[in-house]
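Q: I should like to learn how to read local features in a protein model. Could we take them one at a time?

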Amino acid sequence: MKSRLPMFLLLFSIMSLQVESQTPAEKKMNQFVSDLMKQMTLEEKIGQLNLPGAGDIVTGQASSSDIGQKIRQGKVGGLFNIRGLDKIRAVQDIAVKDSRLKIPLIFGMDVIHGYETVFPIPLGLAATWDPQLIEQSARIAAIEATAQGICWNFSPMADISRDPRWGRVAEGIGEDPYLGSLVTRAMVRGYQGRDLSMNNTMMATVKHFALYGASEAGRDYNTVDMSHIRMFNEYFPPYKAAIDEGVGCVMSSFNEIDGIPATGNRWLLTDVLRRIWKFKGFVVSDYTSVNEMMNHGLGDLKTVAAMSLKAGLDMDMVGEGFLTTLQESVNDKSVDPAEIDQACRRILEAKYKLGLFEDPYRYCDENRARTEVFTDGHRRIARQTAAESFVLLKNKGNILPLKKSGTIGVIGPLMDNKENMPGTWSVAADLSKATSILTGLKEVGGGNVRILTARGSNLDADSLFDERAGMFGKSTRRENRSPDEMIQEAVAVAIQSDVVVAVLGESSEMTGESSSRTDIGIPKAQQDLLRALVKTGKPLVLVLLTGRPLTLTWEDAHVPSILNVWFGGSEAGRAVADVLFGDVNPSGKLPSTFPQHVGQIPLYYNHKNTGRPLPEGKWFSKYTSNYLDVDNEPLYPFGHGLSYTTFSISDPVVSTTTPKGDQILTVMATLTNTGNTAGKEVIQLYIRDRVGSVTRPVKELKKFQKIELKPGEKKNVRFDINTDDLKFYNYDLIYDWEPGAFDIMLGSNSKDVKTITVNWSK
Ligand code: BGC
């Protein structure tokens, strides 16, 4: 494949190919791995590149199963998604006792938002705008997972997505490269800690490299096509941030890039990843993504496996394309044994760094498994983190917070369903230990609150949809009563209540992998229920469960209070109650735009201006870039989120309006809590580069601070900006800044901002 690297990057990468000096620790590792590889047959080396799934292994079967046989023969490098110390110990036993070279296995899992103590889905974590809190959640996930034998995590997912039809937005970081990069870095730090060989740190995997979140029409696994300038400026930064943070592993994505699937794309896996970004770890494919290249139309298994290896893929997940064809490719000289050596070396290095050669049972400590998983301390932090992730979308008439007295009608198919609280990919969670919102409200509300309940509707009218949306033990327990009967019962409950809390939205499996939707509204059966509740005229709060931005245009127009709680993890039921009753003041901010209508997608705040922008203040103007039927605005912009108190931000003041070169520009403003409750505000700084050698976004998030203030309290907020904050990849993909005018904007979301313009010269 011809290189797609621009000339300057090629030169740069050739210049940097000089031998890098090694630390003594690296030298020791290289020596160890070289000595081991000298003893390995080609077949054993290929075996290290093989990662079968082993979700169904049970202890007794481990030694007799086909996988057991393969491990014994040295044909397996690692296993993933096995839960339980006994099972992991049993298969590790086979590797280190019965295989010729006794090379330990590496054990992976998707611990994407907590292990047994489940934290909010990653999109919810991003909504905290609190990297420290996110790092802490990842730290706890690592402590728990490593206590149960897992030393390799398939997280973080750094895929920017601007298409909420795609179900996997739930697993990601939202739409913004800057916020996304901070979240990704925090997760890598939390999982990996400072020393990978400690028994409570795990190797992280940044996925899905690359651009998986940009699949056409939001349909999972679909084609991606994108300019390089957009990749580098808008989609690559969170992956690169993970590399810069020292992530140990990268997972290739299912989609194609420039007509070559990522898993076999040499430009991506070698030129960008290794030459430009200096990635030193190993690359694993996604689940059967090597084999899927046959469906992409790239040839037979032998061809696509060789192509992937040559592209820079080191480990083959599940499909055994490497295991079954590489030997033959070496025989006919279509693969060089040195290419297999290189991949094998990278995998052995990872095992070395994890300390597995020293002690293959390092992550199998029964005592830790008993005392460090799902602890009260971890659950307390999960509860706090969940509360921080909730976003108050509206609160007209201050219906929230609720009083801890009177009668509350709690209604909806999701109000008493603990299985649906943890959210997608809660692989290690014990769903029976989660808490429903009803239970949380009873506990936190206390004895003076009378709670009445009604189901009100099924998840959706279509029973088949219900089935698809209730997989993996997360059923919403459909009832056979007629919709009218259920709604009437709910209305009767509402009439007897002082306030109604409707818990509606998506079930957890309506998002995540292979859960794309074309209609991203609340399902119709639940909307009908909501309309009937609105008609009662009772004060109404919508508690929204969702793994993606939804279209809530009707809801916004008719429901006074909406609290978006994502899927908040195992402690979410209590956290929702904490926020509804005002024990915690909500402070989450949207990491993704909520559109008014699905037809506006992709809709994102950092878009380009176009040659015919809609004039400010208008919602339609002929021959400008707009629609006939809906205006261009989002329903809730990126960065939006209310509080039980109010804040004001003063006009920004800058240290100079004519900064020069490397000078630091200071931007200051005063943030005041103008309400009666203590609360946190995320003050956001955006920049617009007014003139560039290429078109630039209308604004880009560059900094933010989350600040807590007592009622009436004021704080001076200061941001320092330098030319690094102005840099972007230009037409030649050179990363630099260009002098000129810049709008500096401060606000509480991406739309409501106060602007000051500076002129930055070289
Ligand atoms: C997903 C990955 C995941 C892998 C292993 C794939 O289907 O795309 O995100 O890590 O399975 O479970």
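Q: Is F374 buried or exposed?

A: The model is predicted, and every value below is computed from it. A residue counts as buried when its relative accessible area is under 20%. F374 has a relative accessible area of 13%, so F374 is buried. F374 sits in the loop between helix 17 (366-371) and helix 18 (376-389).

Q: What is the phi of F374?

A: Most residues other than glycine have a negative phi. F374 is not a glycine, yet its phi is positive, at about 55°. T610, also a non-glycine residue, has a positive phi of about 65°.

Q: Where does T610 lie, and what is its relative accessible area?

A: T610 belongs to the loop between helix 24 and strand 17. Its relative accessible area is 45%; partly exposed covers values between 20% and 50%, so T610 is classed as partly exposed.

Q: Which residue does a cis peptide bond join to S155, and which residue follows L400 across a cis bond?

A: Most peptide bonds are trans. In this model, a cis bond links S155 to P156, with omega about 10°. P156 is in the loop between strand 4 (152-153) and helix 9 (177-192). The bond from L400 to P401 is likewise cis, and its omega is near 0°. P401 is placed in the loop between strand 11 (391-395) and strand 12 (406-411).

Q: Which residues form a nonpolar patch on the surface?

A: To read such a patch, one considers which side chains make it up and how much area they expose. Here W619, F620 and L628 form the patch, with about 340 Å² of accessible area together. L628 has a relative accessibility of 69%, which is why it counts as exposed. L628 lies in the loop between helix 24 (572-580) and strand 17 (647-649).

Q: How many residues surround the ligand, and which are the closest?

A: A ligand site may be read from its shell, its polar contacts and its cover. The shell here has 14 residues, and the closest are D110, R168, H208, D286 and E513. By class, the shell divides into seven nonpolar, two polar and five charged residues.

Q: What distances separate ligand oxygen atoms from the side chains of D110, R168 and D286?

A: Each distance runs from an oxygen atom of the ligand to a side-chain N or O atom: 2.5 Å for D110, 2.7 Å for R168 and 2.6 Å for D286. On its own the ligand has 310 Å² of accessible area, of which the protein covers 96%.

Key:
Residues are numbered from 1 along each chain as its sequence is written. This is a predicted model: local features need pLDDT of at least 70, side-chain atom pairs count only at pLDDT 80 or more; totals for chains, interfaces and linings use all residues. Side-chain values use heavy atoms; hydrogens and water are left out. Patches are made of residues with over 30% relative accessible area and no salt bridge: like charges are joined within 9 Å, nonpolar side chains (Val, Leu, Ile, Met, Phe, Trp, Tyr) within 5 Å. Accessible areas come from the Shrake-Rupley method with a 1.4 Å probe; for residues, only the protein chains shown count as cover. A salt bridge is a side-chain nitrogen of Lys or Arg within 4 Å of a carboxyl oxygen of Asp or Glu. Helices (H or I, at least four residues) and strands (E, at least two) are DSSP runs, numbered from the N terminus. Buried means under 20% relative accessible area, exposed over 50%, partly exposed in between (1.4 Å probe, protein chains only). A residue is near a molecule or strand if one of its heavy atoms lies within 4 Å of it. A polar contact is a pair of N or O atoms within 3.5 Å; within protein, one must be able to donate a hydrogen and the other to accept it, and residues adjacent in sequence count only if both atoms are side-chain atoms. Ala, Val, Leu, Ile, Met, Phe, Trp, Tyr, Cys and Pro count as nonpolar, Asp, Glu, Lys and Arg as charged, and the others, Gly among them, as polar.
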